[in-house]
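Please open the structure in your viewer and keep the selection panel at hand. The stops below are meant to be followed in order, each beginning with something to select.

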Amino acid sequence: MEGKALSQTVVSDKKTARTSFLPFALPHITQAEIDEVVDTLHSGWLSTGPKTKRFESEFARAVTAPHAIAVNSATAAMHLALDALGIGEGDEVIVPVYTFTATAEVVVHCRARPVFVDVDPVSCNLDPAQLEKHITPRTRAILVVHIAGLPADMDDILAIAQAHHLPIIEDAAHAFPASYRGRSVGSIGDMTAFSFYATKTLTTGDGGMLTTANADYAERAALMALHGITRDAWKRYAFGGSWYYEIVAAGYKYNMTDIAASLGLHQLARCQWLLQRRQEIARRYTEAFALVPEVETPPNPAHVVHAWHLYILRLRLERLTLTRNVFIQALTEAQIGTSVHFIPLHIQPFFRDTYHLAAGDFPVALDAYQRAVSLPIYPGMTDEDVDDVIAAVEHIIETHKKRV
Ligand SMILES: Cc1ncc(COP(=O)(O)O)c(C=O)c1O
């Protein structure tokens, strides 16, 4: 029982605790971002406008995608992707069960059914070996998630998708910038959704991007992102623009603002530096924890560039005398913020009850969840912060490992 575990004895050694709390995640904002937002505020154009358009074209170039549509979340981008594929009632969409609710809820919004698939025990990404078993005549698309920023096994997934003539939508909420065998995430599947939520590797506060090489999908997504209006508002109101527009579909209100794009332009320009800092932190964690047999470090195979949005450490609970929840409590007492990614969707009340799922249906995802602790990893962390996290983890393990 989760709640019960928390009431166990206090486990941290107060002497090792930091004097101030290290947050689990923080955005990295410089004066350039602030100046650009202020410039936008002075410009008189706050909503979708020239900065959003520039952000779209620069982002498209960064991921080598012919089209990019800026929206207000990755959730919106995935919803638009499903709409562009015409997914609706009676359709099924494959979704890995180890993900955030957004990946599956958009399928429900289309009145289709998310068909959950278990994940690979090492990467925690969609397991190609499980995928094929869940494809039925009703399957209309495969949603792939790149958990933590680690690209999924795209060669195998693409081969299965091609064999069944199924499009792939990538949930790359964690995966910018990332690549798989030299190809940028954003240019691999039929459509890719990125998140620019506050804690993501590139942030616009809240925001998202849909990329695609397919001009028809891009056109439909751009249309549906703004009420199904045939012309962008900023073109209508700009000098020489026309007041006339037509509604050709019942669209959504998913457009990005120029205020958000102001942040995005500068975050994008700095994305390689931001990535390098995350890579350094990940390397230091992995070097330290590789020597600790009570934990499993996240994989980082040579054929990918991992975006390191998250660093998910997995506890080998059979070698420890404490639960994951108590481990988290000890880190909190050591003044270190943590999180858990992810509570698999099949044990969440909505999905469990709607689709009659049992906890044991997806054993790999359940096991990964029960052992997962996400450690802080963000560019603003100092080397001392990283040292503190390593020392606290090592100390808790040392005092709670089973001695045989
Ligand atoms: C795997 C995954 N997909 C989608 C999302 C949704 O992103 P957004 O908040 O931009 O809609 C998240 C958010 O954390 C996520 O973790």
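How many bridges join strand 4 (residues 139-145) to strand 5, and do the two run parallel or antiparallel? Select both strands, bearing in mind that this is a predicted model, and you will find that four bridges join them and that they run parallel. For a specific pair to display, take Val145, whose bridge partner in strand 5 is Asp171.

**Strand 5 and its surroundings**

Keep strand 5, residues 168-172, selected and colour it by accessibility: the strand is mostly covered, with five of its five residues buried. Now show the side chains, and you will see Ile168, Glu170 and Ala172 pointing one way while Ile169 and Asp171 point the other way, all of them buried. This fits a general pattern, in which the side chains of a regular strand alternate between the two faces of the sheet.

Add helix 7 (residues 154-163) to the selection, since strand 4, helix 7 and strand 5 together make a right-handed β-α-β unit. Then select strand 8 (residues 191-195), which is joined to strand 5 by four bridges and runs parallel to strand 5. Asp171 serves again as a landmark here, as its bridge partner in strand 8 is Ala193.

**The seven-stranded sheet**

Widen the selection to the whole sheet, which is open and consists of seven strands in the order 1-9-8-5-4-2-3, with mixed pairing. Strand 1 (67-71) and strand 3 (113-117) stand at the edges, and each has a single partner strand, so one side of each is left without a neighbour in the sheet. Looking across the sheet, you can follow how neighbouring strands are turned against each other, by 20° on average when direction is ignored.

At one edge, select strand 1 together with strand 9 (residues 208-212), which pair in the antiparallel sense over five bridges. Within this pair, Val71 stands opposite Gly208 of strand 9.

Next display helix 4 (residues 74-84), which packs on the sheet and touches strand 1, strand 2 (92-96), strand 4, strand 5, strand 8 and strand 9. The direction of helix 4 makes about 165° with that of strand 8. Helix 5 (residues 101-109) also packs on the sheet, touching strand 2, strand 3, strand 4 and strand 5, and its direction makes about 150° with that of strand 3.

**The three-stranded sheet**

Move on to an open sheet of three strands, ordered 7-6-11 and paired in the antiparallel sense. Its edges are strand 7 (183-184) and strand 11 (304-305), each with a single partner strand, so one side of each is left without a neighbour in the sheet. Select strand 6 (residues 179-180) with strand 11, and you will find two bridges in the antiparallel sense, with Tyr180 standing opposite Val304 of strand 11.

**Backbone details in the loops**

Which peptide bond in the loop between strand 5 and strand 6 leads into Pro177? Pro177 lies in that loop, and the bond from Phe176 to Pro177 is cis, with omega near -10°. Another cis peptide bond runs from His341 to Phe342, with omega near -5°, and Phe342 is found in the loop between helix 12 (324-333) and helix 13 (349-354).

While that loop is on screen, select Gln335, which also has its place between helix 12 and helix 13. The phi of Gln335 is near 70°, a positive value in a residue other than glycine, and Gln335 is partly exposed, with a relative accessible area of 23%. For a further positive phi in a residue other than glycine, go to Thr64, where the value is near 50°. Thr64 lies in the loop between helix 3 (50-62) and strand 1, and is exposed, with a relative accessible area of 53%.

**A buried arginine and the cavities**

Select Arg371, placed in helix 14 (residues 363-371). Arg371 is buried, with a relative accessible area of 11%, and, leaving aside residues up to four places away in sequence, touches Glu296, Leu313, Arg314, Leu315, Arg316, Leu317 and Arg324.

For the last stop, turn to the internal space: the structure holds four cavities of 30 Å³ or more, and about 140 Å³ of space lies in the largest cavity. To centre the view there, select Ser123, Ala148, Pro298, Pro299 and Ile312, which lie nearest its centre among the 16 residues that line the largest cavity.

Notes:
Residues numbered from 1 in each chain as written. Predicted model: local features only at pLDDT ≥ 70, side-chain atom pairs only at ≥ 80, totals over all residues. Heavy atoms only, no water. Buried < 20%, exposed > 50% of the residue type's maximum accessible area, 1.4 Å probe, protein only. Pairing = 2+ DSSP bridges. Right-handed = clockwise from strand over helix to strand, strands pointing away. Axes fitted to C-alpha atoms, helices over the stretch in contact; angles between N-to-C directions. Contact = heavy atoms within 4.5 Å. 1 Å grid on protein atoms, 1.4 Å probe; cavity = no way out; pocket = protein on both sides within 12 Å on 5 of 7 lines; lining within 4 Å. Points joined across faces, edges and corners; volume = space filled by probe spheres on them.
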